[in-house]
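Hi,

Here is the structure I promised to pass on. Have a look at it first, and then read my notes underneath.

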Amino acid sequence: MKKILYVLILSLVVVSGAVFANRITKNETPKKSMPKPLSAAERKAALKKWEATPDGVLYKKWQVSPAGQKVHSSVTKISKSVIEYTNMEAVVTSLSLPPDSRLGFGMMVNINGDDYILVFGPERVGTNILSFKYEFEQLHQLKVNDKIIIRSHHISQAPKYSYPIIAGDYVEKDGKILYKREVNKDGC
């Protein structure tokens with residue numbers, strides 16, 4: 001009888017150990033290896049390869065078109081302010097984005113005579129569910145012809161749009177901050 005009891009206890013210990021060990025390995029996340037950055041030659045080769053694709057050919061045609069040249073000129077005018085993250089005075093020209101845009105919440109602004117798309121990303125409820133406040137609530141109070149101060153870390157261009165796209169990181173009106181993008185604490 002003792003032998004049977006020892007065998008049952010031993011088998012229970014072995015099975016429990018195997019199940020526990022399996023659970024630990026499943027919960028461990030594999031360490032992601034960071035891909036090493038591409039060299040200049042590899043980047044150049046990848047760009048050449050992309051330029052040969054239909055999307056790359058269309059983009060190259062758009063770049064040399066009058067519309068592409070206009071957008072590029074507008075980007076050049078404010079690129080120093082974007083790089084240095086300095087204030088840019090803007091006037092709100094429209095509270096909506098161009099038709100069929102999929103850029104999230106945004107508006108049209110004019111900076112030094114050129115029109116830009118100012119985007120903030122998708123709208124979502126704030127972190128406190130009980131407050132029912134939206135991240136862009138104060139931006140919704142802006143009106144056409146309001147003068148604002150904006151700062152951005154990023155500007156882009158796309159053939160789909162006739163205007164450069166500014167990522168709104170900071171908006172101020174009459175000395176009051178209306179929006180300031182929260183920096184991710186994870187660094188990503």
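Starting with the whole chain: 27% of its 188 residues count as buried. Keep in mind while you look around that this is a predicted model. The chain exposes about 14,100 Å², and carbon and sulfur atoms supply 60% of that area. As for secondary structure, there are 4 helices and 8 strands. Going from the N terminus, the order is α-α-α-α-β-β-β-β-β-β-β-β. Among contacts with a separation of 6 or more, 51% are between residues 24 or more positions apart.

Now the helices, where I spent some time on helix 3. This helix covers residues 54-64, and Gly56, Tyr59 and Trp62 are buried in it. These three span an arc of only 125° around the axis, so they sit on the same side of helix 3. The general rule behind this is that an α-helix has 3.6 residues a turn, so residues three or four places apart point the same way. What covers the buried residues of helix 3? Helix 2 (40-51) and helix 4 (66-84) are included in that cover. Turn to the other side of helix 3 and you will find Pro54, Leu58, Lys61 and Val64, which are exposed.

Next, strands 1 to 3. Strand 2 (residues 105-111) is mostly covered, with 6 of its 7 residues buried. It pairs with strand 1 (residues 88-94) in the antiparallel sense, over 3 bridges. On its other pairing, strand 2 runs antiparallel to strand 3 (residues 114-121), and 7 bridges join the two. Asn110 is a handy residue for following this on screen: Asn110 in strand 2 is the bridge partner of Val91, and Asn110 also has Asp115 in strand 3 as a bridge partner. Strand 2 and strand 3 form a hairpin with 2 residues between the strands, where Asn112 takes a positive phi near 50°.

There is another set of pairings further along the chain. Strand 4 (residues 147-151) and strand 7 (residues 170-173) run antiparallel and are joined by 3 bridges. Strand 7 also pairs with strand 8 (residues 176-180), again in the antiparallel sense, over 4 bridges. Here Val171 is the residue to click on: Val171 in strand 7 stands opposite Ile150, and Val171 also stands opposite Tyr179 in strand 8. Strands 7 and 8 make a hairpin with 2 residues between them, and Asp174 in the turn has a positive phi of about 55°.

Finally, one residue I would like you to look at is Ser152. It lies in the loop between strand 4 and strand 5 (155-156). Is Ser152 buried or exposed? Its relative accessible area is 0%, and buried means under 20%, so Ser152 is buried. Its side chain has polar partners in the backbone: it reaches the backbone oxygen of His154 at 2.8 Å, and a polar atom of the Ser152 side chain lies 2.6 Å from the backbone oxygen of Ala167. Which residues is Ser152 in contact with, leaving aside neighbours within four places in sequence? They are Ser81, Val82, Tyr85, Met88, Ile166, Ala167 and Asp169.

That's what I have for now. Shout if anything is unclear.

Cheers

Notes: Residues are numbered from 1 along each chain as its sequence is written. This is a predicted model: local features need pLDDT of at least 70, side-chain atom pairs count only at pLDDT 80 or more; totals for chains, interfaces and linings use all residues. Side-chain values use heavy atoms; hydrogens and water are left out. Buried means under 20% relative accessible area, exposed over 50%, partly exposed in between (1.4 Å probe, protein chains only). Contact means heavy atoms within 4.5 Å. Accessible areas come from the Shrake-Rupley method with a 1.4 Å probe; for residues, only the protein chains shown count as cover. Two strands pair if DSSP finds at least two bridges between them. A polar contact is a pair of N or O atoms within 3.5 Å; within protein, one must be able to donate a hydrogen and the other to accept it, and residues adjacent in sequence count only if both atoms are side-chain atoms. The arc is that of the directions from the helix axis to the C-beta atoms.
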